[in-house]
Structure formats: C-alpha cells, structure tokens
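Let's take a walk through this one together. Have the model open and follow along.

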Amino acid sequence: MRVIAAIFFLSLLASCAFYSTPPTSQLPPLKTVAQVELSRYLGLWYEIGRYANSFQKGCLESTAVYSIRPDGDIDVLNSCRNEGDGRLREAHGRAWVVDTSNARLKVSFFWPFRGDYWIIDLGQNYEYAVVGTPDRKFLWILSRTPQLSPETLAGIMQHIEIQGFNCEHLLFTARR
C-alpha cells in the first residue's frame with residue numbers, strides 16, 4: 001500500500017508540472033468557502049502539506065488546535081516536532097473573524113504582526129480544510145486525521161490549482 005501511495009503522490013506532483021501559475025496580479029481574487037461553522041471548525045487539525053515558510057522550517061508532524069476564547073476570538077496552538085532532535089515546538093496565537101462567512105480570519109502570534117487565514121476549501125463534514133492567503137504565498141492542507149485518502153487529496157490538489165496556487169510548491173508533511 002505504501003508503494004502505491006508513493007507512486008500516486010509522485011504522479012500527482014508530476015501532473016502539476018504541466019500547470020503554469022500566472023503572477024498573483026493576474027489571478028482573480030481568492031475565493032473562500034461560502035460559510036464556516038466555527039463550532040465545527042474548532043479542535044485538532046493535522047497538517048498534511050504546506051508551502052514552505054520560514055516560521056515552520058524544520059517542522060515535522062505539525063498540528064493546530066483551535067479553541068474559542070471568552071471574548072469570542074480563537075486561541076491557536078500550533079505545534080510540531082523539530083526535524084533535528086524531535087523536540088516539541090509550540091506557537092501560541094490568536095485569530096479573529098473578519099467577515100460574516102467566518103471563512104476569512106486574521107491571525108497573530110505576536111503583536112503587532114498579523115496575517116490572513118482564509119479557508120478556501122472545506123470538507124462537507126469538516127474532515128479537511130485548505131487555508132491560504134490572498135497573495136498565494138502561504139498554503140496549508142489540514143485534516144482531522146493524520147492522513148488523507150489519495151482520492152481526497154487529488155480533489156484538494158485540483159481545487160488548489162483552480163484557485164491559482166502551484167501544487168509543485170507543496171511540501172507534504174504528514175506521516176506516511
């Protein structure tokens with residue numbers, strides 16, 4: 001099964017090579033999902049893949065836990081294992097909704113810096129989520145389980161490409 005999954009992922013990535021993503025200025029505005037029920041979105045998420053970024057360099061087995069705060073904002077706890085020594089790394093932050101759909105949020109891990117957190121794809125049963133930024137510089141694929149089926153991941157990858165992200169840039173981080 002692992003060999004089949006590895007072949008699938010390699011062929012999926014190879015197929016992305018045929019797509020050419022235009023510069024962000026030539027892309028239509030990033031679309032978010034129509035509505036997010038925050039109570040269903042809260043809880044533990046496993047990172048399946050992401051665009052490489054400086055703040056997660058060397059992170060393996062990343063997770064995010066979202067919980068509601070008394071003020072209605074969202075507590076964020078991101079954690080991962082350090083690639084070199086397996087040591088646990090954690091980052092605490094706060095997120096808040098910026099539109100009525102609950103699909104566009106801002107997140108901050110230290111004041112005064114904050115970033116966009118837009119939910120651009122979401123499983124019908126909240127079994128997976130895709131989060132990106134309007135400039136297409138950041139992207140995360142999240143799942144309620146440590147792995148996604150190849151079929152589900154293929155559908156997510158198609159949606160990512162339609163939204164103007166380049167799946168060649170994805171770093172798959174889930175355990176295999």
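**A walk from hairpin to cavity**

Start at the hairpin of strand 6 and strand 7, where 5 residues sit between the strands and Tyr 126 takes a positive phi near 60 degrees. Keep in mind as you look that this is a predicted model. The two strands of this hairpin are antiparallel and pair over 4 bridges, with strand 7 covering residues 128-132. To get your bearings, find Leu 122, which stands opposite Ala 129 in strand 7.

Now step to the other partner of strand 6. Strand 5 (residues 104-110) runs antiparallel to strand 6 (residues 113-122), and 5 bridges join them. One place to see the pairing is Lys 106, whose bridge partner in strand 6 is Asp 116. Strand 5 and strand 6 also make a hairpin, this time with 2 residues between them.

Carry on past strand 7 and you come to Asp 135, in the loop between strand 7 and strand 8. What do you find around its side chain? The side chain of Asp 135 makes a polar contact of 2.6 Å with the side chain of Thr 133, and it also reaches the backbone nitrogen of Lys 137 at 3.0 Å. Is Asp 135 buried, exposed or partly exposed? Its relative accessibility is 33%, so Asp 135 counts as partly exposed. Look across to Phe 165 as well: its C-alpha atom is 9.6 Å from that of Asp 135, although the two residues are 30 apart along the chain.

Next, the disulfide. The structure holds 1 of these, and it joins Cys 59 to Cys 80 with an S to S distance of 2.1 Å. The link of Cys 59 and Cys 80 is left-handed, with -45 degrees about the S-S bond. Which parts of the chain does it tie together? Cys 59 lies in strand 2 (residues 59-68) and Cys 80 in strand 3 (residues 74-82), so the disulfide ties together parts that are 21 residues apart in sequence. Both ends are tucked away by the numbers: Cys 59 counts as buried at 6% relative accessibility, and Cys 80 counts as buried at 4%.

Strand 2 and strand 3 turn up again when you look for open space. They are among the elements that each supply at least two residues of the lining of the largest pocket, along with strand 4 (88-97), strand 5, strand 6 and strand 8 (139-143). That pocket has a volume of about 810 Å³. Its lining takes in 30 residues, and the ones that lie nearest its centre are Phe 55, Asn 78, Val 107, Phe 109 and Trp 140. What is the lining made of? It divides into 16 nonpolar, 8 polar and 6 charged residues.

Finish with the enclosed space. How many cavities of 30 Å³ or more does a search of the whole structure find? It finds 1, and about 40 Å³ of space lies in this largest cavity. Leu 38, Tyr 41, Tyr 66, Ile 74, Val 76, Ala 95, Leu 105 and Tyr 117 line the cavity. Helix 2 (38-41) and strand 3 are the elements that give two or more residues to this lining. The lining of the largest cavity comes out as 8 nonpolar residues, with no polar and no charged ones, while the lining of the largest pocket includes 8 polar and 6 charged residues.

Note on methods. Residues are numbered from 1 along each chain as its sequence is written. This is a predicted model: local features need pLDDT of at least 70, side-chain atom pairs count only at pLDDT 80 or more; totals for chains, interfaces and linings use all residues. Side-chain values use heavy atoms; hydrogens and water are left out. A disulfide is a pair of cysteine sulfur atoms within 2.5 Å. Buried means under 20% relative accessible area, exposed over 50%, partly exposed in between (1.4 Å probe, protein chains only). Two strands pair if DSSP finds at least two bridges between them. On a 1 Å grid over the protein atoms alone, a cavity is a set of points where a 1.4 Å probe fits but cannot get out, and a pocket is an open set with protein on both sides within 12 Å along at least five of seven lines; lining residues have an atom within 4 Å of a point. Grid points are joined across faces, edges and corners, and a volume is the space filled by probe spheres set on the points. Ala, Val, Leu, Ile, Met, Phe, Trp, Tyr, Cys and Pro count as nonpolar, Asp, Glu, Lys and Arg as charged, and the others, Gly among them, as polar. A polar contact is a pair of N or O atoms within 3.5 Å; within protein, one must be able to donate a hydrogen and the other to accept it, and residues adjacent in sequence count only if both atoms are side-chain atoms.
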